[in-house]
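Grab a coffee and open the viewer: here is a short set of exercises to work through at your own pace. Try each task before you read its solution.

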Amino acid sequence: MDSVHSMNVPDSPKVMGDDEQFHATDEAVDLSGTPLEAWAALAIFWLLGVTVFYQFFTRYVLNNSASWTEEIARYLLIGTVFVGAAIGVVKNNHIQVDLLYRYLPRRVARVMATVVDVLRIAFCVAMVVLTAQMMDRLANMKMTIIDVPMNVLYGTCLFGLVVMTLRSIGVARAHWRRGYSVLERPESTMADR
């Protein structure tokens, strides 16, 4: 008898049936908690995918590359990053170092976590202001290959930054209400309210 049949793991679901076939059942997919910015990032990402496929097709199949695809793909990637970064903010799962918080007194850790929340909000607000100023100064600038204003790209970045700012405020409010953040309790999630 081989080791697969001899393993008896008490808490795991039975996957191998008596007919020697795998029988796995997936959980239902629930997209109800998906934030709006995730759908926007997905749409931009799909546009990026279609653009890159068109670029590949025209370059390698037709041997006549469409010149606009490289520039548009670059801009769509930038849009995906800025809008997608808001997803990391709403889920509060951007890179963070929580080691120090384990060794600090609870009150000091709480103050430091609050400072982190305030600095994140301040940074996002500053980026919104600077992006709006840049859009104002570069209002007449066009893209290199196609005759579309660069503010279309900068507007996407501004949208992502505004959403990050609003989500940062929401994350900070959730931290203040419950009395701790993920920095202080790494095992917690934003669902723990």
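## Exercise 1: Two residues and a span

V152 is found in helix 6, where helices are DSSP runs of H or I with at least four residues, strands are runs of E with at least two, and both are numbered from the N terminus. Before going on, please note that this is a predicted model, in which local features need pLDDT of at least 70 and side-chain atom pairs count only at pLDDT 80 or more, while totals for chains, interfaces and linings use all residues. Residues are numbered from 1 along each chain as its sequence is written, and side-chain values use heavy atoms, with hydrogens and water left out.

Task: Work out how V152 is placed relative to the surface and to L183.

Solution.
- Step 1: Take the accessibility of V152, which is 46% in relative terms, so V152 counts as partly exposed. The classes are buried for under 20% relative accessible area, exposed for over 50% and partly exposed in between, with a 1.4 Å probe and protein chains only.
- Step 2: Count along the chain: V152 and L183 are 31 residues apart.
- Step 3: Look at the space between them: their C-alpha atoms are separated by 36 Å.

## Exercise 2: A partner for L183

Task: Find how far A113 is from L183 in sequence and in space, and then follow the contacts of A113.

Solution.
- Step 1: Locate A113 in helix 5. Its relative accessible area is 1%, so A113 is buried.
- Step 2: Compare the two distances: A113 and L183 are 70 residues apart in sequence, and their C-alpha atoms are 6.6 Å apart.
- Step 3: List the contacts, meaning heavy atoms within 4.5 Å. Leaving aside neighbours within four places in sequence, A113 is in contact with Y101, S181, L183 and E184.
- Step 4: Move on to S181, which sits in the segment after helix 6 (151–178). S181 is also buried, at 1% relative accessibility.
- Step 5: Close the loop from the other end: not counting residues up to four places away in sequence, S181 touches R110, A113, H175 and S188.

## Exercise 3: A threonine in helix 5

Task: Is T131 buried or exposed, and which residues does T131 touch?

Solution.
- Step 1: Find T131 in helix 5 (residues 106–137).
- Step 2: Read off its relative accessible area of 10%, which makes T131 buried.
- Step 3: Set aside residues up to four places away in sequence; T131 then touches Y154, L158 and L161.

## Exercise 4: Aromatic rings

Task: How many aromatic pairs does the structure hold, and how is the pair of Y54 and W68 arranged?

Solution.
- Step 1: Apply the rule: rings of Phe, Tyr and Trp (its six-membered ring) pair if their centres lie within 6.5 Å, and planes under 30 degrees apart count as stacked, over 60 as edge-to-face and the rest as tilted. The structure holds three such pairs.
- Step 2: For Y54 and W68, the ring centres are 5.6 Å apart and the planes meet at 25°, so this pair is stacked.
- Step 3: Trace the chain: Y54 is in helix 2 (residues 36–61) and W68 in helix 3 (residues 68–91), 14 residues apart, and the pair links distant parts of the chain.
- Step 4: Check the surface: Y54 is partly exposed at 38% relative accessibility, and W68 is partly exposed at 32%.
- Step 5: Turn to F56 and Y60, a tilted pair with 5.1 Å from centre to centre and 50° between the planes. F56 and Y60 are four residues apart in helix 2, which means a separation of about one helical turn.
- Step 6: Finish with their exposure: F56 is partly exposed at 46%, whereas Y60 is exposed at 57%.

## Exercise 5: A loop residue

Task: What is the phi of N63, and where is N63 found?

Solution.
- Step 1: N63 is found in the loop between helix 2 and helix 3.
- Step 2: Its phi is positive, about 55°, although N63 is not a glycine.
- Step 3: N63 has a relative accessible area of 68%, so N63 is exposed.

## Exercise 6: The whole chain

Task: Which pattern does the protein follow along its sequence?

Solution.
- Step 1: The protein has six helices and zero strands, in the pattern α-α-α-α-α-α.
- Step 2: Of its 193 residues, 33% count as buried.
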